[in-house]
2 protein chains.
Amino acid sequence: MKLNRNYDNLQQSYLFSTVARKAREYSQAHPDADIIKLSIGDVTLPLAPVVVEAMKRAADEMGKKETFRGYGPEQGYDFLKEAIAGYYKREDGVDLALDEIFISDGAKSDLGNILDLFDADNTVLIPDPVYPVYVDTNIMAGRRIVMLDSNMDNGFAPMPDEGQDADLIYLCSPNNPTGAVYTRGQLEAWVAYARRKGALILFDAAYECFVSDESLPRSIFEIEGARECAVEFCSFSKIAGFTGTRCGYTVVPKTLLGGKLNAMWLRRQTTKFNGVPYLVQRGAAAVFTEEGMSQIRANIDYYRENARIIGEGLAAAGIRFVGGKDSPYLWMECPNGMDSWDFFDFLLERANVVGTPGAGFGKNGARYFRLTAFGDRGRTIEAVERIKKALG
Amino acid sequence: MKLNRNYDNLQQSYLFSTVARKAREYSQAHPDADIIKLSIGDVTLPLAPVVVEAMKRAADEMGKKETFRGYGPEQGYDFLKEAIAGYYKREDGVDLALDEIFISDGAKSDLGNILDLFDADNTVLIPDPVYPVYVDTNIMAGRRIVMLDSNMDNGFAPMPDEGQDADLIYLCSPNNPTGAVYTRGQLEAWVAYARRKGALILFDAAYECFVSDESLPRSIFEIEGARECAVEFCSFSKIAGFTGTRCGYTVVPKTLLGGKLNAMWLRRQTTKFNGVPYLVQRGAAAVFTEEGMSQIRANIDYYRENARIIGEGLAAAGIRFVGGKDSPYLWMECPNGMDSWDFFDFLLERANVVGTPGAGFGKNGARYFRLTAFGDRGRTIEAVERIKKALG
């Protein structure tokens, strides 16, 4: 058989394995060093009690013949879609029909799988630095990729260039890795551009729950006209700690191409997917109850406070950075024009703190460094003190 | 943007919706009719107690900071892969390395997603009648499909034709929808053919647990040379009632193309997938404990006995059929040369029994009918009595 040759064009990312190896080697050479990781992109707080209870109740239902559930709808149960629609209405003032919401095992799966719906002959616009999945999934299909510079000059919120054509446009706000958040006016410009070009915006809203500034949009659908040019991906990973429990959702408006894209995604999902576990959907729905929202808000606030503490420390040390305000990520400029891997070594040796070199996210990250707010409070405070001292 | 035009070539299947509509209409016209469904392809017995307990314990772990788990390995936890490798060794005498096993949310997902690894320019061999997903997923990618006649003449176990070229070959044994099972000798012929043609066999073993005849292979890897030409898909859906709990696995031997296919699948899964929920993996692993195997065997035996009862009834009524012995499916010839939809109506009206018209699985199903063993025992016995009477 003939293989998909595009896979040969993928570059192996050694970012996280190299970070882990360097930390391990340092630790072996300095067994007394107390290393703190501010590199982690995963949550550390446990699932909310209402989620655990909902999943245990659902497990019991599955153990009894009268309440057992077999195949569910591939696109998700209505009880969860209704909870999500309610959240969009309440938080963002956005109206969604239930058949515009597709439940899945996570944003990463959907971001990759949705590319099934498009021809290989499309031009893809991707910001740099970026979550590597956007790039790799398009390389796998052999699409033309145009990188969009995201840098300190544009506040890591790159804007459209009328001279550049595009068919598919990736936007992630709040951004991974930079933590930058698009304003309403900026997203309006992107929507207008996409509509002029007949392009589709793939909007990654995985970090929307970190937005506390009410003037900032959390959903692309808060922007007029977005229902005609955008699909939105979201996840329970960060809002409710589902990174190991797996649930997300994708919104495909029926107003897109007269409903054609919604019908194609439904066809893709019913043909190549069999739905999210019933008990996980019950857990996810519990997030949106009054008690659930109050429990997960406490977790989000915990991470937000970590971000604030890191940001305060960087500012005190005279470091330029974006993010950390409506995002769990802080994207700092390496001091003294240092290269991001050199700064990694510097911080590991001088402060015993591990972060993520920006070079791993694209060429515009070469002199930047990502710190994250997902750690333990006490350890985060300690890390910030050490960073300030090392830079002092 | 340009859409994937291949989606326009998909045919909408109205099989199950038409079956449901006809049953509903009959029920409305005859409110006193007690309709029995032998059409169901979903399990009806609840999850085994060990599975429920394992999932509840895992939910509790996720609710405590010390035992919480975030992102797991995309390809699955070793504890589950070890349990699966043990099952293959014990049941089939097959040795698998842990990195040849990839845990997923089900065979349907993997059967679709694995096509990412292949060029559109491949010839795909698919038996007819067939599980429609094999056909649709290849139409989505615009591949040439050659249908392979599966009929009473070849015992619904079609064999390779040396004059026919093929790159990808779908085999499902025990078969859905026919219930036919390939013998060792037949699979040896397929493996030899695939190796001569340089083709890959996509072996769907979703129903392997129903094989009770020890001379019949349950895994393609029981056949010498299969590690050089086959990938196997399996699932917890039928062995342990996971249709609504979602877990499966795919075996990609490292001996395939010198390890290249294994590496490509790992790349695909780590890029477009984020793993199966931790608590579901704990539930799946519990299936392979001694207590778990004993609990699920009781369920499988229950379905097997249903199949035996249906087969006995059909034989008594002088109906020709295959399956029902090492499979939950029975594939019967419609009496008197009747068309499968006519027989559907006949059975609904005369016996108030619902089955699945073979026409929905391909042209060779036009005069066949599928009955399933996943129902309640008492209802199955009652349905068989009614069928015998209607045909008497």
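User: In what order do the 4 strands of the open sheet in chain A stand?

Analyst: In this predicted model, the strands of the open sheet in chain A pair in an antiparallel manner. At its edges stand β9 (321–323) and β12 (356–357) of chain A, each with a single partner strand, so one side of each is left without a neighbour in the sheet. Read across the sheet, the order is β9-β10-β13-β12.

User: Which residue of β13(A) stands opposite A:Pro357?

Analyst: Strand β12(A) is joined by 2 bridges to β13 (residues 368–372) of chain A, and the two run antiparallel. Across from A:Pro357, the residue in β13(A) is A:Phe369.

User: Which strands of chain A does helix α11 touch, and what angle does its direction make with that of β13(A)?

Analyst: Helix α10 (residues 290–316) of chain A packs on the sheet, where it touches β9, β10 (329–333) and β13 of chain A, and its direction makes about 10 degrees with that of β10(A). Helix α11 (residues 340–351) of chain A also packs on the sheet. The strands touched by α11 are β10, β12 and β13 of chain A, and its direction makes with that of β13(A) an angle of about 50 degrees.

User: Which residue of chain A comes closest to the rotation axis?

Analyst: A turn of 180 degrees with a shift of 0.0 Å along the axis lays chain A on chain B with an RMSD of 0.0 Å. The two copies are thus related as by a two-fold rotation axis. Moreover, 99% of the interface residues of chain A are also interface residues in chain B, so the copies meet through the same surface. At 2.6 Å (C-alpha), the residue of chain A that comes closest to the axis is A:Lys56.

Definitions and conventions: Residues numbered from 1 in each chain as written. Chains lettered and ligands numbered in written order. Predicted model: local features only at pLDDT ≥ 70, side-chain atom pairs only at ≥ 80, totals over all residues. Heavy atoms only, no water. Least-squares fit on C-alpha atoms with pLDDT ≥ 70 in both. Contact = heavy atoms within 4.5 Å. Pairing = 2+ DSSP bridges. Axes fitted to C-alpha atoms, helices over the stretch in contact; angles between N-to-C directions.
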